[in-house]
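Me: I'd like to learn how to read a few backbone and packing features in a model. Can you walk me through them?

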Amino acid sequence: VQALEGVADWFAVATPEEALSCRSATKSPVLLLSPPDGEIGKLAGAEISVVAAGLPDIPRLAREAGRTGRRLKVHLAVDCGMHRLGLWQKEDWRRAADLLAAEPFLQVEGLMTHFCDDDPAFSAQNARRFAEAEGLFRARFPGILCHAAATSFADDPQKAFGMVRCGLALYGYGTALPVRPCLRFEAGVVCVRTVPAGETVGYGRTFCTERETELCVISAGYADGYPRALSNLGQADINGKLCPVVGRVCMDLLTADATGAGARPGDRAVLYAPSRPELSLQRNADLAGTIVYELLTNLNNRSGLCPLPEGASL
């Protein structure tokens, strides 16, 4: 939030806790993307906007807002083909508009959808459906804000929305917008040891040394978000040398072959960095059989995420 203050028009989050934390850091509008099952009073008091994803959400949100005596700002979700959240049937759109108009404790602030595929024909179909919903709701609620999760379309003037929820583009991926990957993940070296040829390493003994090897133990594991699937596949940059991850990634630690890297306890091992293709998130996601988004969201408050010094190279 601090990094994007003054750049982003809104902040969109997944949970009430995130919304309230976000509100403490910014005066910009904050939207809770999933219908809340509690905390309505706190959300209304903090001027957090919420999503209604189905017809039953509307009276429920109105009832909870009425108990607090505060008006709740609502964004109605329209299903344009993803079939996750939102109203799909057009008669439900009209029914939702009637319900929303009748609720004094709800303020209709936005209309939203989520595009799920880059296929041009399917996306065009989605866009037409959303435009139809927009026409219906603008007639009842002039001035509503229309927005979509559509990072891949953000640079396409033919798919203009009041806002685009950027998602993966925030980290410099998944878009033609002029952004660049910005995340670096590193962890400390906790010990270095030399073992002879023929020794196995880690749980399940999945790696065997073929020569005398300097093993470097690094303070990151799958509990920090570095996936176990990168066992014997990932790499770490230690003192400028690429060192293969050897043995299974553990909960809190991983081991690398740091032979020739001059590694010492207290050194830093870089696990993800856009400056080296071997350490890019895309390459690591491919090796782990997953997507960049999963690697990013797995990183947590234990992880060694490093703000770069002013002017430093990625």
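**Reading loops and a helix pair**

Reply: Sure. Keep in mind that this is a predicted model. Let's begin with Glu39, which sits in the loop between strand E2 (30-32) and helix H2 (40-45).

Me: What is the phi of Glu39 like?

Reply: Phi of Glu39 is near 65 degrees, so we have a positive value in a residue that isn't glycine. As for the side of exposure, Glu39 counts as partly exposed because its relative accessibility is 33%, and that class lies between the 20% and 50% cut-offs.

Me: Where is Asn239, and how does its phi read?

Reply: Asn239 belongs to the loop between strand E12 (235-238) and strand E13 (241-244). Its phi is near 55 degrees, again positive in a non-glycine residue. Asn239 has a relative accessible area of 49%, so it is partly exposed.

Me: Now the helices. How do I describe a packed pair?

Reply: You give the angle between the two axes and the distance between them. Here, the axes of helix H4 (residues 90-101) and helix H5 (residues 120-140) come within 11 Å and cross at roughly 25 degrees. Angles under 35 degrees count as roughly parallel, so that is the label for H4 and H5.

Me: Is the crossing of H4 and H5 left-handed or right-handed?

Reply: Right-handed. On the H4 side the contact includes Trp93, Ala97 and Ala101, while H5 brings in Leu136 and Phe137, among others.

Me: How do the residues of that contact divide into nonpolar, polar and charged?

Reply: Seven are nonpolar, six are charged and none is polar. Among the charged ones are Lys90 and Asp98 of H4, and Arg129 and Glu132 of H5.

Note on methods: Residues numbered from 1 in each chain as written. Predicted model: local features only at pLDDT ≥ 70, side-chain atom pairs only at ≥ 80, totals over all residues. Heavy atoms only, no water. Helix = DSSP H or I, 4+ residues; strand = E, 2+ residues; numbered from the N terminus. Buried < 20%, exposed > 50% of the residue type's maximum accessible area, 1.4 Å probe, protein only. Axes fitted to C-alpha atoms, helices over the stretch in contact; angles between N-to-C directions. Parallel < 35°, antiparallel > 145°, perpendicular 65-115°, else oblique. Left-handed = near helix turned anticlockwise from the far one by under 90°. Contact = heavy atoms within 4.5 Å.
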